[in-house]
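Reader: I'm in my first year and still learning to look at protein models. Could you zoom in on one residue for me, and then walk outward from there?

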Amino acid sequence: MEERQFRLVDATSLSASQGPGARVSSAARRVAPRRASPQVQICGFGNPEILVQGRDLGPNLGPHARALLCFLLLVPGRRAVSHELAARLWPSLDAESASHCLDAAVRGLRRQFALRGCADLALRDQETCLLNPAVPIAFDIGLYEELAAAGDRLVAQRAPGRAARAYEQAVSLYRGEVFAPLPPAPWLDAVRERFRQRNARLLETLGEHFAGTGAVNKAAGYWHALLEIDPCREIAHRGLMRCYAVRNQTILALQQYSIARTVLEVEQGRAPDACTTALYELIKRGRWARTAPEAGSQ
């Protein structure tokens, strides 16, 4: 497994006049809250890592404890009504059995964290279950949301360059599905789809931004990344066609149209949109001239 390091990153500084704070590299996804070094550091994108005092306890957590931790990290406020939480995590069980599973999950989390000298992470009473607010947690998915929101604010402030830097840091954290090893569940499927679509929109925005600034190689990288998530995204196919055309790689541009046509036929049973075909014809006839990014796509 690729080692992931952590460092302090202040996402809120991205909206300040001096520009972005610490940059998150693509080689090492680094997450942490703004203040003291956290006891608990969790990577939830892709294959999760759960570090306590620098040691990975992920392999020691049972499936119930993993599911509980994932849910509490992702629920707003990190608090849930106990009986609703049990029913959502173990929908095939009756209420009493689901409650027993929740008790076992809480005990499992407490035991593993206590073995590493950490305070109880999960707190439960008869009514609610929540993550202990006294335990600082560095969470990459939380940082992703902060960075994406900071980028949105900068877009509203008409600072596209700084917004792009925030979005770049956000997409560098996205390493795959949310808590990928966990089995499908309705609540988790909805969370995964939300982040998948959010990341696709960020990649699309970055592709358009860098194409518009003339950084076609960077734009092409984001278009490729978008097509890995959504092979039918025509705006990404058109973006790549334009990038190739700018670099005078006409054959590659025409091949990209053929790829789009095949994928759309197989996956959706349709031909490319008229604007995609029109771009193809312009490039094919040597009449294409570089234009601004497509309007209306965010």
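Let's start at arginine 158: is this residue buried or exposed, and what is its relative accessibility?

Author: Sure! One thing before we dive in: this is a predicted model, so to speak of local features takes a pLDDT of at least 70, and side-chain atom pairs count only at pLDDT 80 or more, while totals for chains, interfaces and linings use all residues. Residues are numbered from 1 along each chain as its sequence is written, and side-chain values use heavy atoms, with hydrogens and water left out.

Now your residue. Arginine 158 counts as exposed because its relative accessibility is 78%. (Buried is under 20% relative accessible area, exposed is over 50%, and partly exposed sits in between, with a 1.4 Å probe and protein chains only.) You'll find arginine 158 in the loop between α4 and α5, the latter being residues 160-173. (Helices are DSSP runs of H or I with at least four residues, strands are runs of E with at least two, and both are numbered from the N terminus.) Its backbone deserves a look too: the phi of arginine 158 is near 60°, a positive value in a residue other than glycine. Most residues other than glycine have a negative phi.

Arginine 158 has a counterpart further along. Asparagine 248 also has a phi near 60°, and its place is in the loop between α8 (234-246) and α9 (250-268). With a relative accessible area of 69%, asparagine 248 is exposed.

Back to the helices on either side of arginine 158. The axes of α4 and α5 come within 8 Å and cross at roughly 160°. (Axes are lines fitted to C-alpha atoms, for helices over the stretch in contact, and angles run from 0 to 180 degrees between N-to-C directions.) So α4 and α5 are roughly antiparallel to each other. (Under 35 degrees is roughly parallel, over 145 roughly antiparallel, 65 to 115 roughly perpendicular, and the rest oblique.) The crossing of α4 past α5 is left-handed, and among the residues that make the contact are Leu143, Tyr144 and Leu147 of α4 and Ala163, Ala166 and Tyr167 of α5. (Contact means heavy atoms within 4.5 Å; left-handed means the near helix is turned anticlockwise from the far one by less than a right angle, right-handed clockwise.)

What else does α4 touch? Meet the sheet with strand order β3-β2-β1-β7, an open, mixed sheet of four strands. Its edge strands, each pairing on one side only, are β3 (55-56) and β7 (137-139). (Strands pair if DSSP finds at least two bridges between them.) In the middle, β1 (residues 40-43) and β2 (residues 49-52) pair in the antiparallel sense over four bridges, and cysteine 43 has glutamate 49 of β2 as its bridge partner. Helix α4 (residues 140-156) packs on this sheet, touching β1 and β7, and its direction makes about 65° with that of β7. Helix α1 (residues 63-74) lies across β1, β2 and β7, running at about 85° to β7.

Follow α1 and you reach another sheet. Here three strands form an open, antiparallel sheet in the order β4-β6-β5. At the edges, each pairing on one side only, are β4 (79-81) and β5 (122-124). Strand β6 (residues 128-131) is joined to β4 by three bridges, running antiparallel, and arginine 79 stands opposite leucine 130 in β6. On this sheet α1 touches β4 and β6, with its direction at about 80° to that of β6. Helix α3 (residues 95-115) packs here too, touching β5 and β6, at about 140° to the direction of β5.

Take a closer look at β6 itself. Thr128 and Leu130 point one way from this strand and Cys129 and Leu131 the other way, and all are buried. A hairpin joins β5 to β6 through three residues, and leucine 123 has leucine 130 as its bridge partner in β6.

Finally, zoom all the way out. The protein chain has 10 helices and seven strands, and 47% of its 298 residues count as buried. Your arginine 158, by contrast, is exposed.
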